[in-house]
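These are my notebook entries on a few places I looked up in this structure, beginning with the loops and ending with the empty spaces.

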Amino acid sequence: MKKIIILFFSLVCFSNLLFAQLKYANDVIKTGAEQTELYISKLQGKRVGLIANQTSIIGKTHLADSLINRGVNIVKIFGPEHGFRGNASNGTEVHDETDPGTGIKVISLYGKKTKPTKEDLTDIDILVYDIQDVGCRFYTNINVLRDIMESAARYDKELLILDRPNPNAYFIDGPVLDMKNKSGIGQFPIPIVHGLTVAEFAQMANGEGWLENNLKCKLSIIKNANYTHDMLYKLPVNPSPNLSTPESIILYPTTCLFEGVSLNHGRGTNYAFTVVGAPVYKGIYQFSYTPVSMPGKAENPLYQDQICYGLDLRTYDLKKLVKSKKINLQWIIELYKNHPDKSQFFKRFHPQIGNIDYLAGVSEFKEQIKAGLTEEQIRKTWQPGLEKYKKIRKKYLLYI
């Protein structure tokens, strides 16, 4: 009966968001972290290692502070890309430090190492993972989670995951990664938009043998309450420096693809992932903006201090995008067609990301656009992989 009620609310909520402004279900949903009564006893009297960043909050209080106030002994914190406080630019190496707020040692997992060592875990009894994800293969937090799971399994530590809603879980789309294109931004045979919360992903990583040497991590999960995948969730804290608006998070599955081509997609502005352009489009598009150096967000953005002309996607009807449940390929197809020198469009090689092949996950994507295939024709090539993935995904779902 409870599942039926939740499903009904989800359908009503999702239907409502297609009208007027987007409707979010934050007032109904309770994250795993917020349900302290379900896990606090599990941590009391133990030495805790916390994997967290600026999104790890209960209300307006950071999880670390909340747990310390309840007498939990946090002996160590592990930070992902962008750092524990979320103030490092994408791809920037993050160093170990002592957190000034708590005095606890913070070990970076985005610098000299990507996973905790045996020495790191010697004085830890249990690990707690609480980091907001945005539901895309190239958002690297799921790589960190897999690495944490491997270390926990290897050194016999339990991993407690405090689950959070996935703001892009209402759809599944994009080509499934061809493992020939495995990289730092794509390490699993999943589509660009995978439709999983981090706890569901962890179960899949365990079940599908994605941990090194087929290790199995001992998982405990605190689920989101009153949540289904169709509910839209507005993130209370920016998940990274350049995902700074609700619109950027909805557009991210589409506009991050522009990171792999010779266009600026808003880095160097306060509206990254919601605009896209380049100087070469002068006279073709009226909208313009100028990327500048922004410490902590984009120190050296593409086309820095140059006027870029292109698309302002902040004016796009996001209800239409949400309703479609699809990545929008029309923008990249249009911008390729209108590029004055098409031989340069896919030439960009990003130092941290590589080229478009790694973002799309398949090498034929750029060739399909060059050949003039329609969005429908491109999508048709994704379907066999997507159908196979969706069957696998069902085994690990925690929510409707």
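I looked up Asp305 and found it in the loop between β11, residues 288-289, and β12, residues 308-312. I work here from a predicted model, and I keep that in mind for every entry below. The backbone at Asp305 caught my attention, since its phi is positive, about 65°, although Asp305 is not a glycine. I then checked the accessibility of Asp305, which is 54% in relative terms, and because exposed means over 50%, I noted this residue as exposed.

I turned next to Asp156, which sits in the loop between α5 and β8, the latter spanning residues 158-162. Asp156 is likewise not a glycine, and I read a positive phi of about 60° for it. Its relative accessibility is 72%, so I entered Asp156 as exposed.

From that loop I went back into helix α5, which runs over residues 141-154 and holds Asn143. Is Asn143 buried or exposed? I noted it as buried, because its relative accessibility comes to 6%, where the limit for buried is under 20%. I also listed its contacts, setting aside neighbours within four places in sequence, and found Gly184, Gln187 and Phe188.

Helix α5 came up again when I examined the largest pocket, since it supplies the largest share of the lining, namely five residues. I recorded a volume of about 500 Å³ for this pocket. Its lining is made up of 32 residues, and those that lie nearest the centre are Glu81, Tyr110, Phe138, Thr140 and Ile185. Sorting the lining of the largest pocket by class, I wrote down 14 nonpolar, 13 polar and five charged residues.

My last entry concerns enclosed space. How many cavities of 30 Å³ or more does the model have? I counted three cavities that reach this size, and for the largest cavity I noted a volume of about 60 Å³. The residues that line the largest cavity are Tyr24, Pro167, Leu232, Tyr233, Lys234, Leu235, Pro246, Ile249 and Ile250. By class, I put eight residues of this lining down as nonpolar, none as polar and one as charged; the charged one is Lys234, because Lys belongs to the charged class.

How values were computed. Residues are numbered from 1 along each chain as its sequence is written. This is a predicted model: local features need pLDDT of at least 70, side-chain atom pairs count only at pLDDT 80 or more; totals for chains, interfaces and linings use all residues. Side-chain values use heavy atoms; hydrogens and water are left out. Helices (H or I, at least four residues) and strands (E, at least two) are DSSP runs, numbered from the N terminus. Buried means under 20% relative accessible area, exposed over 50%, partly exposed in between (1.4 Å probe, protein chains only). Contact means heavy atoms within 4.5 Å. On a 1 Å grid over the protein atoms alone, a cavity is a set of points where a 1.4 Å probe fits but cannot get out, and a pocket is an open set with protein on both sides within 12 Å along at least five of seven lines; lining residues have an atom within 4 Å of a point. Grid points are joined across faces, edges and corners, and a volume is the space filled by probe spheres set on the points.
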